[in-house]
Amino acid sequence: MGDEVNEAARSVADKVTALLRAVGAADEPVSLAALTVASGTSKSTCRRLLLDLSTQGYVRSPRRGMYTAGPRLQGLAAAVVRGDRMGGVIRESLGALARATGHVALRVSVIDERAVVLDLENPQNIPLGVQVGEELPAHRIWADGGGGRQQADPVDEYPSRSLWTLSAPIDDQGQERLALVGLAFMRPQSTSASDLLAAHARTLRDIGSRARDAG
């Protein structure tokens, strides 16, 4: 009985977080139909969950059948960002990397073998299926930190059928990383992108160390 209750609770939690991810990542209000698909629920269940979230302020409905992030969800995101002392510096690196290489630059959080995109710069508007808040595909690099401190500037490459990715850690544990992502046919033919990525990662690692020492 207890296991059934726990499973039901996890199921509801999964559906609620799916709804919050969907409205939080969207640039414009999302329809009830789209949120029903995103949450894997029936239309009636999705509407009920959205009503609960709207009552609590995490979701709002600017017009009938359309939903967007509410003030409490925005406030929660702002509270997390406010505590991120490296956020502005890392964003500058992402912009510089994206402009210099012509690829998409990511900030990735790696915890418990899960890699989630925290920030993204795509000035070329490359049509990649990668968005802020999404989890990247499973790979050994997220499990072993790509070698951690075994190399001076570990840059790992892992191509897939449609994409390639270069990744480098910006902290000693490999829990925070910079990544360059591009379409498979755009894979760099030289080491310039890798060298730039390594240089930015090393600089950010040094800045982070100084910030921790000062704090």
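# Why these names apply

Me: What makes the pair of Arg114 and Glu135 a salt bridge?
Reply: The closest N and O atoms of Arg114 and Glu135 are 3.0 Å apart. A salt bridge is a side-chain nitrogen of Lys or Arg within 4 Å of a carboxyl oxygen of Asp or Glu. The distance of 3.0 Å meets that limit, so the name fits. Arg114 lies in strand β5 and Glu135 in the loop between β5 and α6 (140–144), so the pair ties together parts that are 21 residues apart in sequence.

Me: Where do these values come from?
Reply: They come from a predicted model, where local features need pLDDT of at least 70, side-chain atom pairs count only at pLDDT 80 or more, and totals for chains, interfaces and linings use all residues. Residues are numbered from 1 along each chain as its sequence is written, and side-chain values use heavy atoms, with hydrogens and water left out.

Me: How many helices and strands are there, and what counts as one?
Reply: The protein has seven helices and eight strands. Both are DSSP runs, numbered from the N terminus: helices are H or I with at least four residues, strands are E with at least two.

Me: Why is Glu135 called buried, exposed or partly exposed?
Reply: Its relative accessibility is 41%. Buried means under 20% relative accessible area, exposed over 50%, and partly exposed in between (1.4 Å probe, protein chains only). Glu135 falls in between, so Glu135 counts as partly exposed. In the protein as a whole, buried residues make up 38% of the 215 residues.

Me: What makes Arg91 and Asp119 a salt bridge?
Reply: Their side chains meet at 2.5 Å, N to O. That is inside the salt-bridge limit, so the pair qualifies. Arg91 lies in helix α5 (residues 87–101) and Asp119 in strand β5 (residues 114–121), so parts 28 residues apart in sequence are tied together. Arg91, Asp119 and Glu121 are linked in a network of salt bridges.

Me: Which of Arg91 and Asp119 is buried, and how do you know?
Reply: Asp119 has 11% relative accessibility, so Asp119 counts as buried. Arg91 has 42%, so Arg91 counts as partly exposed.

Me: How do you know that Glu176 and Arg107 form a salt bridge?
Reply: Their closest N and O atoms are 2.2 Å apart. The limit is met, so the name holds. Glu176 is in strand β8 (residues 176–183) and Arg107 in strand β4 (residues 104–111), 69 residues apart. Both Glu176 and Arg107 are buried. By this rule the count comes to seven salt bridges.

Me: Why are helices α2 and α3 called parallel, antiparallel, perpendicular or oblique?
Reply: The axes of α2 (residues 32–39) and α3 (residues 43–56) come within 9 Å and cross at roughly 100°. Axes are lines fitted to C-alpha atoms, for helices over the stretch in contact, and angles run from 0 to 180 degrees between N-to-C directions. Under 35 degrees is roughly parallel, over 145 roughly antiparallel, 65 to 115 roughly perpendicular, and the rest oblique. The two helices are therefore roughly perpendicular to each other. The contact (heavy atoms within 4.5 Å) is made by Leu32, Leu35, Thr36 and Ser39 of α2 and Lys43, Cys46, Arg47 and Leu50 of α3.

Me: What makes Thr36 buried or exposed?
Reply: Its relative accessible area is 13%, so Thr36 is buried. Leaving aside neighbours within four places in sequence, Thr36 is in contact with Thr41, Ser42, Lys43 and Cys46.

Me: How many aromatic pairs are there, and what makes two rings a pair?
Reply: A search of the whole structure finds one aromatic pair. Its rings belong to Trp142 and Tyr158, with centres 5.7 Å apart and planes at 90°, so the pair is edge-to-face. Rings of Phe, Tyr and Trp (its six-membered ring) pair if their centres lie within 6.5 Å; planes under 30 degrees apart are stacked, over 60 edge-to-face, and the rest tilted. Trp142 has 4% relative accessibility and counts as buried. Tyr158 has 11% and counts as buried.

Me: Why is Asp112 called exposed or buried?
Reply: Its relative accessibility is 69%, so Asp112 counts as exposed. Asp112 sits in the loop between β4 and β5. Its phi is near 55°, a positive value in a residue other than glycine.
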